[in-house]
Amino acid sequence: MKQVVIVFKIIGALGVIGFFGDKHFLYLLPFYLIGVILGKVEKYRSKKPESGLATTAPDLTHYYSSVYLSLLNPFNIVLLAKQLLGQLYILVFYSYRLPSPATFQNKVQYILPFRGTWKVGRGGITADTSHSWNLYTQRYAYDFFMTDTDDKPNNGTGNHLDDYYCFDQEVIAPADGTVVAVKNSIPDYTHVGDLSVDWKSRDFRGNYVIIQHAANEYSFIAHFKQGSIVVSTGDVIKQGQLIGRCGNSGHSTMPHIHFHLQNSRKFWIALGLPITFNDIVIADTPNNTGATYITGGQLVHNCH
Ligand SMILES: [Zn+2]
């Protein structure tokens with residue numbers, strides 16, 4: 001695995017030539033990012049399987065093979081290039097002043113973007129708990145799904161989307177705002193249960209909605225079920241309003257909601273913001289009506 005990471009990084013480093021000479025070489029830059037990501041995944045795999053999925057380290061063979069295959073997908077390559085260039089942009093302009101809980105407090109009061117009790121799968125405000133600490137836009141992101149009393153995200157075999165408790169559940173607006181971007185056409189990946197991702201998908205974000213809540217506060221919610229989004233760009237919406245249904249579109253190993261707060265409508269160069277929620281309940285802790293951070297492994301629901 002280490003050798004694979006090094007090969008990707010070397011190929012990616014060749015992309016630097018693109019800055020000085022032939023621009024076609026720029027397309028090699030995403031390989032560097034892939035090398036970095038695979039390196040992280042390798043580290044992550046050994047110490048922390050995605051909570052809710054398994055109590056022992058899951059078999060990630062299908063995950064890796066589908067991620068490798070996605071490197072053959074031209075749509076994916078273009079998006080990875082955008083992501084990499086966005087990372088470089090943030091590094092150059094913001095690396096010494098990335099938002100943190102010490103420097104940023106959301107002005108808007110947010111609720112959780114769903115009804116009922118869900119599990120925080122991945123996410124937290126520290127490097128150890130973060131959804132993806134080194135991906136600046138998604139540093140403070142959260143993945144949510146539903147579980148049963150055995151902490152399982154599905155009944156049945158888990159090989160059908162309908163097996164998952166959160167699939168097709170309502171996703172609601174976390175605060176008042178204006179919809180500034182919608183994607184609703186990405187198919188749901190039906191091959192669930194082996195942790196592979198949809199390498200043929202045209203957008204690894206799947207279907208998503210971006211809502212502007214304040215001058216520099218935008219929520220990004222992703223992996224909606226294809227065609228389920230009921231709001232359009234320009235719509236003024238209210239907190240708690242239905243915006244769509246949970247799906248498995250894009251690069252998603254099982255149905256879930258991805259949610260994060262960002263400081264701009266431009267997904268690729270936006271800074272991820274640490275977010276507190278109001279009027280929520282975290283299982284096994286006293287009810288909290290003040291502004292609260294949440295973290296992976298918690299069961300959470302809105303008070304109202
Ligand atoms: Zn996510």
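In which loop is the place of W199? In this predicted model, W199 is found in the loop that runs between β4 (177-183) and β5 (207-214). With a relative accessible area of 27%, W199 is partly exposed, and, when residues up to four places away in sequence are not counted, W199 touches S66, L69, S70, N73 and H251. The backbone gives a related picture, since the C-alpha atoms of W199 and Y68 are separated by 8.2 Å although these two residues are 131 residues apart along the chain.

The chain as a whole contains five helices and 12 strands. Its radius of gyration is 19 Å, close to the 19 Å given by the globule rule for 304 residues, and the chain is therefore as compact as a globular protein of that length. Along the principal axes, the C-alpha trace spans about 55 × 45 × 35 Å. Of the 304 residues in the chain, 49% are buried, and among the contacts with a separation of 6 or more, 67% are accounted for by residues 24 or more positions apart. The chain exposes about 14300 Å², of which carbon and sulfur atoms supply 58%. As for charge, the chain carries 25 positive and 22 negative charges, and the mean positions of these two sets are 11 Å apart.

The model includes a zinc ion, which is coordinated at 2.1 Å by NE2 of H131, OD of D143 and ND1 of H258. In sequence, these donor residues follow the spacing H-x11-D-x114-H. Because H131 lies in the loop between β1 (118-122) and β2 (142-145), whereas H258 belongs to strand β9 (residues 257-262), the pair ties together parts of the chain that are 127 residues apart in sequence. Both H131 and H258 are buried.

A further long-range association involves V108, which is placed in the loop between α5 (74-94) and β1. At 17% relative accessibility, V108 counts as buried, the cut-off for this class being under 20% relative accessible area. Leaving aside neighbours within four places in sequence, V108 is in contact with A175, H213, A214 and E217. For one of these partners, H213, the C-alpha atom is separated by 7.1 Å from that of V108, while the two residues are 105 residues apart along the chain.

Two residues were also examined for their backbone conformation. H223, which is located in strand β6 (residues 217-224), has a phi near 75°, a positive value in a residue other than glycine; at 6% relative accessibility, H223 counts as buried. D279, likewise not a glycine, has a positive phi of about 55°. This aspartate, D279, lies in the loop between β10 (272-273) and β11 (280-282), and at 25% relative accessibility D279 counts as partly exposed. The two positive phi values thus occur in a buried strand residue, H223, and in a partly exposed loop residue, D279.

How values were computed
Residues are numbered from 1 along each chain as its sequence is written. This is a predicted model: local features need pLDDT of at least 70, side-chain atom pairs count only at pLDDT 80 or more; totals for chains, interfaces and linings use all residues. Side-chain values use heavy atoms; hydrogens and water are left out. Donors are N, O and S atoms within 2.8 Å of the metal (3.2 Å for Na, K and Ca); water is not among the atoms, so sites may look incomplete. Helices (H or I, at least four residues) and strands (E, at least two) are DSSP runs, numbered from the N terminus. Buried means under 20% relative accessible area, exposed over 50%, partly exposed in between (1.4 Å probe, protein chains only). The radius of gyration is taken over C-alpha atoms; the globule rule is 2.2 Å times the number of residues to the power 0.38. Contact means heavy atoms within 4.5 Å. Accessible areas come from the Shrake-Rupley method with a 1.4 Å probe; for residues, only the protein chains shown count as cover. Lys and Arg count as positive and Asp and Glu as negative; His and the chain ends are not counted. The place of a charge is taken as NZ of Lys, CZ of Arg, CG of Asp or CD of Glu.
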